[in-house]
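Ready for some pencil-and-paper practice with a protein model? Work through each task with the structure open, then compare your steps with the solution.

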Amino acid sequence: MQEPQPSPESDTAHHRLLEAGRHLFLHQDYQRVSIRRIADRAGVNSAMIAYYFGDKSGLYRAVLLSYLNPVKAYVLENIKRFPEMSFGDLFRYFYRYAPRELIHMVVKSALYAPDSQRQWLIDTILRPLIQQVEQQLDHSLPKGQIHRPEQARLVLQSLLIAPLLLQPVLESVSRKPMDDAYFDELGDFIGTLLDRAFQPTDQDE
């Protein structure tokens with residue numbers, strides 16, 4: 001599979017506000033990011049935020065969607081190819097191409113954003129996406145030795161996200177760079193473990 005390509009973007013006030021929002025919301029808590037700071041960084045009048053997005057929360061949601069919509073579309077398009085992939089293929093691909101900023105913003109939103117923003121993220125983006133992915137995987141994954149699908153999904157999600165989310169900490173502890181070669185080896189190792197876990201039992205055969 002090829003890496004998803006970004007669409008061309010013009011240098012408009014709308015685009016500059018999205019870029020300013022990306023930077024500020026990624027590096028600061030939601031409550032600390034003011035409309036004035038966003039407008040100043042974007043080099044536009046603060047009234048443009050209300051014009052394009054309604055308010056700060058509207059811009060925040062637009063920033064998340066600017067990350068999530070291309071990834072969501074790409075995942076749903078390619079998840080149908082899963083029967084042709086091993087777990088190692090899946091993990092290598094995810095580690096190589098998953099946007100680090102997206103993972104950090106989603107986790108920050110889930111942990112620290114106001115309740116209304118967190119619930120919007122869950123209801124609008126995460127739950128529908130997870131449901132669609134799980135429906136496809138339920139038809140694709142063999143029935144193996146794991147009989148607790150909720151726990152299996154939690155383990156799978158943790159193995160996908162944790163190494164990317166904690167990459168700076170892990171590199172500092174091990175004093176080794178987690179480059180593409182490292183993540184390829186990690187993907188192969190996790191894939192081997194999961195392939196064994198999902199091997200059919202005698203009862204399933």
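**Exercise 1.** Decide whether D180 is buried, partly exposed or exposed.

*Solution.* Start with the scale: buried means under 20% relative accessible area, exposed means over 50%, and partly exposed lies in between (1.4 Å probe, protein chains only). D180 has a relative accessible area of 41%, so D180 is partly exposed. Before going on, note that this is a predicted model, in which local features need pLDDT of at least 70 and side-chain atom pairs count only at pLDDT 80 or more, while totals for chains, interfaces and linings use all residues. Residues are numbered from 1 along each chain as its sequence is written, and side-chain values use heavy atoms, with hydrogens and water left out.

**Exercise 2.** Find which residue forms a salt bridge with D180, and say which helices the pair ties together.

*Solution.* Step one is the rule: a salt bridge is a side-chain nitrogen of Lys or Arg within 4 Å of a carboxyl oxygen of Asp or Glu. Step two is the partner: the side chain of R96 meets that of D180 at 3.6 Å, N to O. Step three is the location: R96 sits in helix 5 and D180 in helix 10 (residues 180–197), so the bridge ties together parts 84 residues apart in sequence. Helices here are DSSP runs (H or I, at least four residues), numbered from the N terminus. R96 is partly exposed, at 33% relative accessibility.

Now look at R96 again. R96 also forms a salt bridge with D184, whose closest N and O atoms are 2.6 Å apart. This pair, too, links distant parts of the chain, with D184 in helix 10 and R96 in helix 5, 88 residues apart. D184 has a relative accessible area of 22%, so D184 is partly exposed.

**Exercise 3.** Work out how far apart D89 and R92 are in sequence, and what network they belong to.

*Solution.* Both residues lie in helix 5 (residues 87–97), 3 residues apart, about one turn of the helix. Their salt bridge has its closest N and O atoms 2.3 Å apart. Next, check accessibility: D89 is partly exposed at 29%, and R92 is partly exposed at 24%. Finally, D89, R92 and D188 are linked in a network of salt bridges. By the same rule, the count comes to 4 salt bridges.

**Exercise 4.** Identify the residues with the most contacts inside the largest nonpolar core.

*Solution.* A nonpolar core is a set of buried Ala, Val, Leu, Ile, Met, Phe, Trp, Tyr and Cys residues joined through side-chain atoms within 4.5 Å. The largest has 28 residues, and F25, I38 and M105 have the most contacts inside it. Among the elements giving two or more residues to this core are helix 1, helix 4 (56–78) and helix 7 (115–140). A second, separate core of 13 residues includes Y95, L164, M178 and L194.

**Exercise 5.** Say where L18 lies and which residues L18 is in contact with, leaving aside neighbours within four places in sequence.

*Solution.* L18 belongs to helix 1 (residues 13–27). L18 is buried, with a relative accessible area of 11%. Contact means heavy atoms within 4.5 Å; with those neighbours left aside, L18 is in contact with F53, L59, A62 and V63. As a last step, compare C-alpha positions: those of L18 and Y60 are separated by 8.6 Å, although the two residues are 42 residues apart along the chain.
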